[in-house]
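Got the model open in your viewer? Keep the selection box handy, and we'll walk through it stop by stop.

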Amino acid sequence: MAEAGDPLADTCAPTNTPSNQPSAHFLHNLTHGIMAKLLKKPLKLACVQLSTGADKAANLARARSKVLEATSKGANVVVLPECFNSPYGTKYFPKYAETLQPSPPTEAQSPTFHALSALAKESKAYLIGGSIPEYLADTDKHYNTSLIFGPDGNLLATHRKVHLFDIDIPGKIRFQESEILSPGNKVTLVDLPEYGKIAVAICYDIRFPELAMIAARQGAFLLLYPGAFNLTTGELHWKLQARARAMDNQVYVGLCSPARDMTADYNAWGHSLIVNPNAQVLGELDEKEDIVYADLDGDTIEQTRKGIPIYTQRRFDVYPDVSQGDVKFTE
Ligand SMILES: NC(=O)CCC(=O)C(=O)O
């Protein structure tokens, strides 16, 4: 306990136990933590672990049938996997890439944009369209891009993968997305008017907790990651990353992988899963094509935050709040 005259007294005073008045940080934490209703009404989330292959039209058709299956079972928000319209590999990205500008693109520029928009409208659901290789002609760059549509078929947001998957584990796996792709430069928060805010990022982005932290502190109730981990890092880190982001931020997390195809160049881990704000796994698939569902509700977030109130205990007098700096958001 610090005593009068103790030089440590000021710096040790916790912001959540103010002696006179609540600090600005304390009030900020309350507003953005347990007090705010992050998820306004319950929803059913579905992650479609799609079997994908080299035929883009077949991938789109299969995505349609699985998304409609999910919504026929009551899903309000449906997620597709990373690179769901193309095989995953740098040699495939330019060949499968579609142009999204100007927005909306023509059918010829982006058949996937039009297929997803029509599917969102047909299924009357929010559709997180996994990701697709994108080509931006203005700058001659490629991106790994997620398209997010509302139930009326309108595009709500796009997320370009911010952290490119460049790894080299000798004897196991080497992958260099940056040989072809350029990184995005925005945090993507999307408002689903009747539910609240979600954040979308792509696969390797999950390894950077700052992105998740910023999104959660800006009010997201759910972090969604279309992703395709592999047989080396999948076993090690896939579920751990999902549970860690949920635990750190006390929000729901969903990870959506393609089904595993051992004849493909890249073997996806599968194991799509949904985790609750207490880091408990609500549902997890094996490696085969299937759909994982979970019911999400705001009370679970609030109860988790009341029980373990880290939202009111942060020490922004000791370290900075990464969500309050110069953060770039997708408009
Ligand atoms: N597609 C990806 O970004 C893969 C990321 C991955 O496997 C990892 O371990 O991270």
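Which strand is largely enclosed by the rest of the structure, with seven of its nine residues buried? Select residues 141-149: that is strand 5, and it is largely enclosed because seven of its nine residues are buried. Buried here means that 20 or more other C-beta atoms lie within 10 Å of a residue's own; exposed means 12 or fewer, partly exposed is in between, and C-beta atoms are placed from the backbone.

Some housekeeping before moving on. This is a predicted model, in which local features need pLDDT of at least 70 and side-chain atom pairs count only at pLDDT 80 or more, while totals for chains, interfaces and linings use all residues. Residues are numbered from 1 along each chain as its sequence is written. Helices (H or I, at least four residues) and strands (E, at least two) are DSSP runs, numbered from the N terminus.

**The whole chain**

Zoom out for a moment. The chain has eight helices and 15 strands, and 44% of its 331 residues count as buried. Two residues are in contact if their C-beta atoms, placed from the backbone, lie within 7 Å; of the contacts between residues at least 6 apart in sequence, 68% join residues at least 24 apart.

Now colour residues 43-298, where UniProt (an unreviewed entry) puts "domain: CN hydrolase". Such annotations may be inferred rather than shown by experiment; the positions follow the numbering used here, and feature names are shortened. This span is 24% helix and 30% strand, and its end C-alpha atoms lie 9 Å apart.

**Back to strand 5 and its partners**

Two strands pair if DSSP finds at least two bridges between them. Add residues 126-128, which are strand 3: this strand pairs with strand 5 in the antiparallel sense over two bridges, and Ile 128 has Ile 148 as its bridge partner. Ile 148 also has Ala 157 as a bridge partner in strand 6. Show residues 155-160 to see strand 6, antiparallel to strand 5 over five bridges. In the hairpin of these two strands, five residues lie between them, and Gly 153 takes a positive phi near 85 degrees.

Next, pick residues 132-136. This is strand 4, joined to strand 5 by five bridges in the antiparallel sense; Glu 134 is matched with Tyr 143. Their hairpin has four residues between the strands, with Asp 140 at a positive phi near 55 degrees.

**Ser 131**

Click on Ser 131, in the loop between strand 3 and strand 4. Buried or exposed? Ser 131 is buried, because it has 30 other C-beta atoms within 10 Å. Leaving aside neighbours within four places in sequence, its contacts include Glu 82, Asn 144, Lys 161 and Pro 226.

**Around the ligand**

Select Glu 82, Phe 165, Cys 203, Tyr 204, Arg 207, Ala 228, Phe 229, Asn 230, Thr 233 and His 237: these are the residues around the ligand, each with its C-beta atom, placed from the backbone, within 6 Å of it. This shell divides into five nonpolar, three polar and two charged residues. In that count, Ala, Val, Leu, Ile, Met, Phe, Trp, Tyr, Cys and Pro are nonpolar, Asp, Glu, Lys and Arg are charged, and the others, Gly among them, are polar.

Phe 165 leads to another stop, Glu 177. Glu 177 sits in the loop between strand 8 (173-176) and strand 9, and it counts as buried because it has 22 C-beta neighbours inside 10 Å. Outside its neighbours within four places in sequence, Glu 177 is in contact with Thr 90, Asn 144, Leu 164, Phe 165 and Asp 166.

**The six-stranded sheet**

For the last stop, show strands 9 to 14, an open sheet with the order 9-10-11-12-13-14 and mixed pairing. Its edges are strand 9 (189-192) and strand 14 (281-284), each pairing on one side only.

Which way do the residues of strand 12 point? Tyr 252, Gly 254 and Cys 256 point one way, Val 253 and Leu 255 the other, and all are buried. Strand 12 runs parallel to strand 11, with five bridges joining them; one bridge pair is Leu 222 and Tyr 252. Over at the edge, strand 13 (residues 273-275) runs antiparallel to strand 14, joined by three bridges, with Leu 273 opposite Glu 284.
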